[in-house]
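Trainee: Got a minute to go through this one with me? I'd like to work from single residues out to the whole fold.

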Amino acid sequence: AGSGPEPGQELTYRTTEVDAGNNRVTFAQLIPAGIDLWVLAVTVPVEQEDTGRDKVFEPIAAGFQVTG
């Protein structure tokens with residue numbers, strides 16, 4: 001058994017659709033809240049990885065809070 005609340009995790013992963021040639025990257029933040037798990041995720045084409053992370057994911061993740 002654990003000794004306290006589980007910390008949140010952040011991860012990045014890439015996917016490829018072999019037949020279609022679509023390469024995508026997903027940024028996700030896993031946020032435990034009590035017995036729930038919130039997942040904030042943004043998926044963008046690999047060509048837009050920096051913009052997707054810097055201009056979309058990070059600003060949203062920085063202000064995201066589970067309330068209530």
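Trainee: Is tryptophan 38 buried, partly exposed or exposed?

Mentor: Bear in mind that this is a predicted model. In it, tryptophan 38 has 40% relative accessibility, so it counts as partly exposed.

Trainee: And where does tryptophan 38 sit?

Mentor: Tryptophan 38 is in strand 3. Together with Phe64 and Val66, Trp38 makes a nonpolar surface patch of about 240 Å².

Trainee: OK, the sheet then. What order do the strands come in, and how do they pair?

Mentor: There are three strands in an open sheet, ordered 1-2-3, with antiparallel pairing. Strand 1 (9-17) and strand 3 (36-45) are at the edges with a single partner strand each, so each has one side without a neighbour in the sheet. From one strand to the next, the twist averages 20°.

Trainee: How many bridges join strand 1 to strand 2?

Mentor: Nine, with strand 2 covering residues 22-33. As an example, tyrosine 13 has threonine 26 in strand 2 as its bridge partner.

Trainee: And how many join strand 2 to strand 3?

Mentor: Ten, and those two strands also run antiparallel. Over there, proline 32 is opposite leucine 37 in strand 3.

Trainee: What links strand 2 and strand 3?

Mentor: They form a hairpin with two residues between them. In the turn, glycine 34 has a positive phi of about 65°.

Trainee: Back to side chains. Which residues does leucine 30 touch?

Mentor: Leucine 30 is in strand 2. Leaving out residues up to four places away in sequence, leucine 30 touches Gly8, Gln9, Leu11, Leu37, Trp38 and Val39. So your tryptophan is on that list.

Trainee: How far apart are leucine 30 and leucine 11?

Mentor: They are 19 residues apart in sequence and 8.2 Å apart in space, C-alpha to C-alpha.

Trainee: Is leucine 30 buried or partly exposed?

Mentor: Partly exposed, because its relative accessibility is 23% and buried means under 20%.

Trainee: Switching to the helix: where does glutamate 49 lie?

Mentor: Glutamate 49 is in helix 1, which covers residues 49-63.

Trainee: Is that glutamate buried or exposed?

Mentor: Glutamate 49 counts as buried, because its relative accessibility is 15%.

Trainee: What is glutamate 49 in contact with?

Mentor: Arg14, Val25, Phe27 and Val44, once you set aside its neighbours within four places in sequence.

How values were computed: Residues are numbered from 1 along each chain as its sequence is written. This is a predicted model: local features need pLDDT of at least 70, side-chain atom pairs count only at pLDDT 80 or more; totals for chains, interfaces and linings use all residues. Side-chain values use heavy atoms; hydrogens and water are left out. Two strands pair if DSSP finds at least two bridges between them. Helices (H or I, at least four residues) and strands (E, at least two) are DSSP runs, numbered from the N terminus. Axes are lines fitted to C-alpha atoms, for helices over the stretch in contact, and angles run from 0 to 180 degrees between N-to-C directions. Buried means under 20% relative accessible area, exposed over 50%, partly exposed in between (1.4 Å probe, protein chains only). Contact means heavy atoms within 4.5 Å. Patches are made of residues with over 30% relative accessible area and no salt bridge: like charges are joined within 9 Å, nonpolar side chains (Val, Leu, Ile, Met, Phe, Trp, Tyr) within 5 Å. Accessible areas come from the Shrake-Rupley method with a 1.4 Å probe; for residues, only the protein chains shown count as cover. A salt bridge is a side-chain nitrogen of Lys or Arg within 4 Å of a carboxyl oxygen of Asp or Glu.
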